[in-house]
Amino acid sequence: MLFRILDPQTKANQFWRDFDRLNDELTRSILDDQFGSSSHFPPVNVYTKEDEALVTCLLPGMETDQIEINVKDNMLSIHGKKKAEELAEGTEVHRREIFQGEFHRTLELPFRVSQDQVSAKYVNGVLNIHLPRREEDKPKKVSISVG
């Protein structure tokens, strides 16, 4: 990007285009490491048992109408948008680390979920999603006959 700003003629040069692309990828990688990638937001814990899964998701400062949960087969999708805080006139941002904006997180679960029985509860900034396993996906004990 620097070379495009300094000299737009270099845009036609393959070397500088490759250099720019590499520079952009490195910058994005460093920023993701430093501030966290949006693909890893919100942070989650996933717990499973034989018949169910529980996904705990940190989403402080949200309203339930700002969060959307979708489940299909073994995929859980959490989508939302955190509104930007309103600043009083004349206020300048010195540092802003708290997330705001749109997010989308998709998780693959180890089994298919009974979609009709999924429930979610949001308390003190923590979203808990209970995901029961489909009956037909539960392990079946097979009896062995002698003979």
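Where is the place of Asn124? I looked this up before anything else. Asn124 sits in the loop between strand 6 (119-123) and strand 7 (126-132). I note here that the model is a predicted one.

**Entry: backbone angles in two loops**

I checked the phi of Asn124 and found a positive value of about 50°, although Asn124 is not a glycine. I then asked whether Asn124 is buried or exposed. Its relative accessibility is 77%, so I wrote Asn124 down as exposed.

Asp73 went on the same page. Asp73 is not a glycine, yet its phi is positive at about 55°. I located Asp73 in the loop between strand 3 and strand 4. The two strands form a hairpin with two residues between them. The relative accessible area of Asp73 is 30%, so I listed Asp73 as partly exposed.

**Entry: strand 3 and strand 4**

How many bridges join strand 3 to strand 4? I found six, with strand 3 (residues 67-72) and strand 4 running antiparallel. For Glu68 I looked up the bridge partner in strand 4, and that partner is His79.

I picked Val71 for a closer look, since I wanted a residue of strand 3. Val71 has a relative accessibility of 15%, which is under the 20% limit, so Val71 counts as buried. Leaving out residues up to four places away in sequence, I listed what Val71 touches: Leu76, Val113, Gln115, Val118 and Leu131. I also took the distance from Val71 to Arg112. The C-alpha atoms of Val71 and Arg112 are 9.3 Å apart in space, while the residues are 41 apart in sequence.

**Entry: Lys82**

I moved to Lys82, which is found in strand 4 (residues 75-82). Which side chain of opposite charge is nearest to Lys82? It is Glu85, at 8.2 Å. Lys82 is buried and has no salt bridge. A salt bridge needs a nitrogen and an oxygen within 4 Å, so Glu85 at 8.2 Å does not serve as a partner for Lys82.

I then searched for what the side chain of Lys82 does reach. It reaches the backbone oxygen of Pro60, at 3.2 Å. Not counting residues up to four places away in sequence, Lys82 touches Pro60, Gly61 and Met62, and also Ile98, Phe99, Gln100 and Gly101.

**Entry: aromatic rings**

Phe99 appeared among the contacts of Lys82, and I went on to the rings. How many aromatic pairs does the structure hold? I counted three. One of them is Phe41 with Phe103, edge-to-face, with 5.6 Å centre to centre and 80° between the planes. This pair links distant parts of the chain, 62 residues apart. Phe41 is in the loop between helix 2 (14-35) and strand 1 (44-48), and Phe103 is in strand 5 (residues 101-108). I looked up the accessibility of Phe103 and got 2%, so Phe103 counts as buried. Phe99 comes back here: Phe41, Phe99 and Phe103 form one aromatic cluster.

**Entry: salt bridges**

Side chains of opposite charge can pair when their charged atoms come close. I searched the whole structure for such bridges and found seven. I wrote out some of them.

Asp137 forms a salt bridge with Arg112, the closest N and O atoms being 2.7 Å apart. Asp137 lies in the segment after strand 7 and Arg112 in the loop between strand 5 and strand 6, so this pair ties together parts that are 25 residues apart in sequence. Arg112 is partly exposed, at a relative accessible area of 31%. I had already met Arg112 when taking its distance from Val71.

Lys49 and Glu52 form another, with the closest N and O atoms 3.7 Å apart. I asked whether each partner is buried or exposed. Lys49 is exposed, with a relative accessible area of 59%, and Glu52 is partly exposed, with 26%.

Lys138 meets Glu135 in a salt bridge at 3.2 Å, N to O. Glu135 has a relative accessible area of 51%, and the limit for exposed is over 50%, so Glu135 counts as exposed.

Which residues are linked with Asp73 in a network of salt bridges? They are Arg134 and Glu136. I added this to my notes on Asp73, the residue with the positive phi in the loop between strand 3 and strand 4.

Definitions and conventions
Residues numbered from 1 in each chain as written. Predicted model: local features only at pLDDT ≥ 70, side-chain atom pairs only at ≥ 80, totals over all residues. Heavy atoms only, no water. Helix = DSSP H or I, 4+ residues; strand = E, 2+ residues; numbered from the N terminus. Buried < 20%, exposed > 50% of the residue type's maximum accessible area, 1.4 Å probe, protein only. Lys, Arg positive; Asp, Glu negative; His and termini not counted. Polar contact = N/O pair within 3.5 Å; in protein donor to acceptor, adjacent residues only side chain to side chain. Contact = heavy atoms within 4.5 Å. Pairing = 2+ DSSP bridges. Phe/Tyr/Trp six-rings, centres within 6.5 Å; stacked < 30°, edge-to-face > 60°.
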